[in-house]
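This report goes through a structure with its sequence and coordinates at hand. It moves from single residues to the chains and then to the places where parts meet.

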Amino acid sequence: MPLLDDLLGVLLRGLSGVLSPRTIRNLRSELRSSVLAKIGIVLIVVVLLMATFAPLVAPWNPTSQNTSEAREPPLGFSRVENQTTQQTVDGEVQIINEQVQVNATAAHPLGTDGLGRDMLSRVIYGARTSLLVGLLGTMLAMVIGVPVGLVSGYYKGRVDDTLMRIADVSLAFPSLVLAIALVGLFGQASVPVPDPFVTFGVAEVIRGAMSLPGGLTYPTGMPETFTLPGTVIVVVGVVNWVWFARVARGEALGVREEEYVKAAKSIGGSDGFIIRRHVLPNSLTPILVLGTIQVAAIVLLESALSFLGFSGTTLSWGFDIAQGRQYQTTAWWIAAMPGLAIVFTVIGINLVGDWLRDALDPGIEGEGGGV
Amino acid sequence: MASFGRFLAKRVLQGLVVIFGVITVLFLLRYITPGSPVDFIAPLDASQATRERIADSLGLNEPLYVQYADYVVSLLQGDMGYSYRSGTAVRPRVFAKLPATLELAVVATFVAIAISIPLGVVSATRRHTVPDYVATLFSLLGISTPNFWLGVMLVVVLAVQFGFFPTSSRPVGLLDALGNLVVIAGPERGWALPLRVDPFLSDMQNWLLHIVLPAITLGTYFTALITRLTRSGMLDQLGRGYVRAARAKGLPETLVRYRHALRNTLIPVITVVGLQLGTLIGGAVITEAVFDWPGLGSLVIDAINNRDWPLIQGCLVVIGAGFVIVNIVVDALYAKLNPQVMD
């Protein structure tokens, strides 16, 4: 895929302020030899585009219900339903029990849920929730964990002992359990964010110009706001800081012994300056690799929270899987489709994480909890 | 040996500090979360005087440090307080739920280790063959699949469609099932083979049938994770100088692989397994929710939904202490395999 290679080249050159030329060379050569890394990048790009342009690519409004189209199977499948109808024949009421086959329609390629909402549209909008929580949560975890870890590793001694015992306490609570407790106890606050594509009318124009398979027009009227699960983002960040602290500490412990740090100290550089100017930049690679893995872990954590009903939004893959459980005997796809979306997203992130790890060799095998 | 004892003593001491921290965090959490416990106990139309009396009886009007001291002292005496909801003592409730969670976690862990380490070794020693590709694909899928979804799908396919397994619940515990064996083949009947096998078999079968799907659900992530770690660790070790030296002096390949390389591979694997134990417990919580498995996870979710603080604290203290204890065991194992860490 030369195009992908070129695009990435541009992107990586853009990062040259942060990454050294050697790092970029390693990344590129590892990418050239790894098919899996390319698959991972493609998966992530697809999910990112889906999430960003959800109001443009989703065929239907993900929240609009239509009970007459409830539980339609996905393309390639069908479902048998017992139907009872009443008919008046010669003035006599007859009750007819019959089995009706419900077929898939092109309008709902992934089927519909129990309330007749389009699964494909829900999967597309669900990507927004997952990625937003994943990215913002990871950033928050990084902002809390990295300074703690750097200070801990740089000062060593008593500071380090104290901070690392705090980290141990934090590790003693499984992140899912702690997250459930925090969301459950602090409430499930969420923030409605206006959807820019809908607010500025872009969605209306573009959707009006497209058509659906089967001669249907693309319906307009997409959700005007997007629900950002605020508590969940804060909680997943707070719960996962410890992994960043551990990795940053490990790096700082090594960097503090380097000659350039000693030199900076000898010419009177303050500790704060040395940490910012020397320790942080030289610890960045493993932190970035961990950041990638953490996005995957937090996407999984968010879906688990939504599945258990501790979220602030009803447009989430985990939430839909929980809904689908009610229909596990009649409509398996309601639970299956959002789960597949999670699997593809997380595989994509993990493949990219493997690529970064193989190329940069940060030595952080096994850091960062899953679900 | 003396140094191992010292190492262990140090770890136990650190563990105690952590457990103390856990207790403190749980105490503080209760005071920073919105809402007074009185709101959840008092009837909606309770008068101010009644509310005051309830607050008094809970000790809520004491200064914070007195409440903290009371809490710590009663915990040390094994008293976890009484549920706000039902008024029953917390400790017996928590410990009554513990066996179900332990069964699930232990079965999942053993199955995970039994599958993943051989799989990782085969994958590494037969690199770029079909078994290696299968193992790699499986482990990638395993670490990327949310376990609750895997559980739901297993139920849909294996329980609902094919009826191989029950969809949920745990009608009989392992200890009860095993207890029946002792009753049937106990000392009074001699320890010979039981004449009436049925009750034991049906209980054991029942237990086994019910735990298969939850154990797969919980264990898959770990199986996948350990397979990955074993594979990459083994590949790393097999390329080292000492392996070449061992081969060069004519040691059989099996000995080189299993005695030398695998042993060194297991060191980082054990570290990661220890670090990921929290994930295992978290996974157990959600697995219990999927399968109506009556363990600590179901209890803690109920407690949180009811804001039943004594119960929440009781569950989390036990979970935190369990994590710390297992970690000390893991560290001790680690020190046995790699004595360098004891310095």
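H128(B) counts as exposed, because only 6 C-beta neighbours lie inside 10 Å and the limit for exposed is 12 or fewer. The model is a predicted one. In chain B, H128(B) sits in the loop between helix 5 and helix 6 (130-144). Its phi is near 65°, a positive value in a residue other than glycine. Most residues other than glycine have a negative phi.

K156(A) shows a positive phi as well, at about 50°, and is not a glycine. This residue lies in the loop between helix 5 and helix 6 of chain A. K156(A) has 13 other C-beta atoms within 10 Å and is therefore partly exposed.

Two further residues of chain B can be described through their surroundings. S83(B) is found in the loop between helix 4 (64-76) and helix 5 (90-125) of chain B. With 19 other C-beta atoms within 10 Å, S83(B) is partly exposed; 20 or more would have made a residue buried. Residues up to four places away in sequence aside, S83(B) touches T88(B), V90(B), D308(B), P310(B) and L311(B). Of these partners, L311(B) is 228 residues from S83(B) in sequence, yet the two C-alpha atoms are 5.7 Å apart in space.

Is P214(B) buried or exposed? P214(B) is buried, since 28 other C-beta atoms lie within 10 Å. The residue belongs to helix 9 (residues 198-238) of chain B. Apart from neighbours within four places in sequence, P214(B) is in contact with L104(B), T287(B), F291(B) and W293(B). L104(B) and P214(B) are separated by 110 residues in sequence and by 7.2 Å in space, C-alpha to C-alpha.

The table sets out the overall values for the two chains.

| Chain | Helices and strands | C-alpha span along principal axes | Buried residues | Contacts with a separation of 6 or more that join residues at least 24 apart |
|---|---|---|---|---|
| Chain A | 14 helices, four strands | about 105 × 50 × 40 Å | 46% of 371 residues | 80% |
| Chain B | 14 helices, zero strands | about 85 × 55 × 45 Å | 36% of 343 residues | 73% |

Read from the N terminus on, the elements of chain B are a run of α after α. The secondary structure of chain A also includes four strands.

Within chain A, one pair of helices can be followed in detail. The axes of helix 5 (residues 119-155) and helix 14 of chain A come within 10 Å and cross at roughly 40°. Helix 5 and helix 14 of chain A are therefore oblique to each other. Their crossing in chain A is right-handed. Helix 5 of chain A brings M119(A), V123(A), G126(A), A127(A) and S130(A) to this contact, and helix 14 of chain A brings W333(A), I334(A), M337(A), P338(A), A341(A) and T345(A). By class, the residues in the contact of helix 5 with helix 14 of chain A are eight nonpolar, three polar and no charged.

Helix 14 of chain A also takes part in the contact between the chains. How many residues does each chain give to that contact? Chain A gives 38 residues and chain B gives 46 residues. On the chain A side, at least two residues each come from helix 6 (157-172), helix 7 (175-186), helix 12 (271-307), helix 13 (317-325) and helix 14 (333-360). The side of chain A that touches chain B is made up of 24 nonpolar, 10 polar and four charged residues.

The last topic is the nonpolar core. The largest nonpolar core has 169 residues. Those with the most contacts inside this core are V177(A), A179(A), I180(A) and F244(A) from chain A, and V300(B) and C315(B) from chain B. For A179(A), the contacts beyond its neighbours within four places in sequence are V235(A), V236(A), V239(A), L301(A) and L305(A). In soluble globular proteins, nonpolar side chains tend to be buried together.

Methods
Residues are numbered from 1 along each chain as its sequence is written. Chains are lettered from A and ligands numbered from 1 in the order in which they are written. This is a predicted model: local features need pLDDT of at least 70, side-chain atom pairs count only at pLDDT 80 or more; totals for chains, interfaces and linings use all residues. Two residues are in contact if their C-beta atoms, placed from the backbone, lie within 7 Å. Ala, Val, Leu, Ile, Met, Phe, Trp, Tyr, Cys and Pro count as nonpolar, Asp, Glu, Lys and Arg as charged, and the others, Gly among them, as polar. Axes are lines fitted to C-alpha atoms, for helices over the stretch in contact, and angles run from 0 to 180 degrees between N-to-C directions. Angles under 35 degrees count as roughly parallel, over 145 as roughly antiparallel, 65 to 115 as roughly perpendicular and the rest as oblique. A crossing is left-handed if the near helix is turned anticlockwise from the far one by less than a right angle, and right-handed if clockwise. A nonpolar core is a set of buried Ala, Val, Leu, Ile, Met, Phe, Trp, Tyr and Cys residues joined through C-beta atoms within 7 Å.
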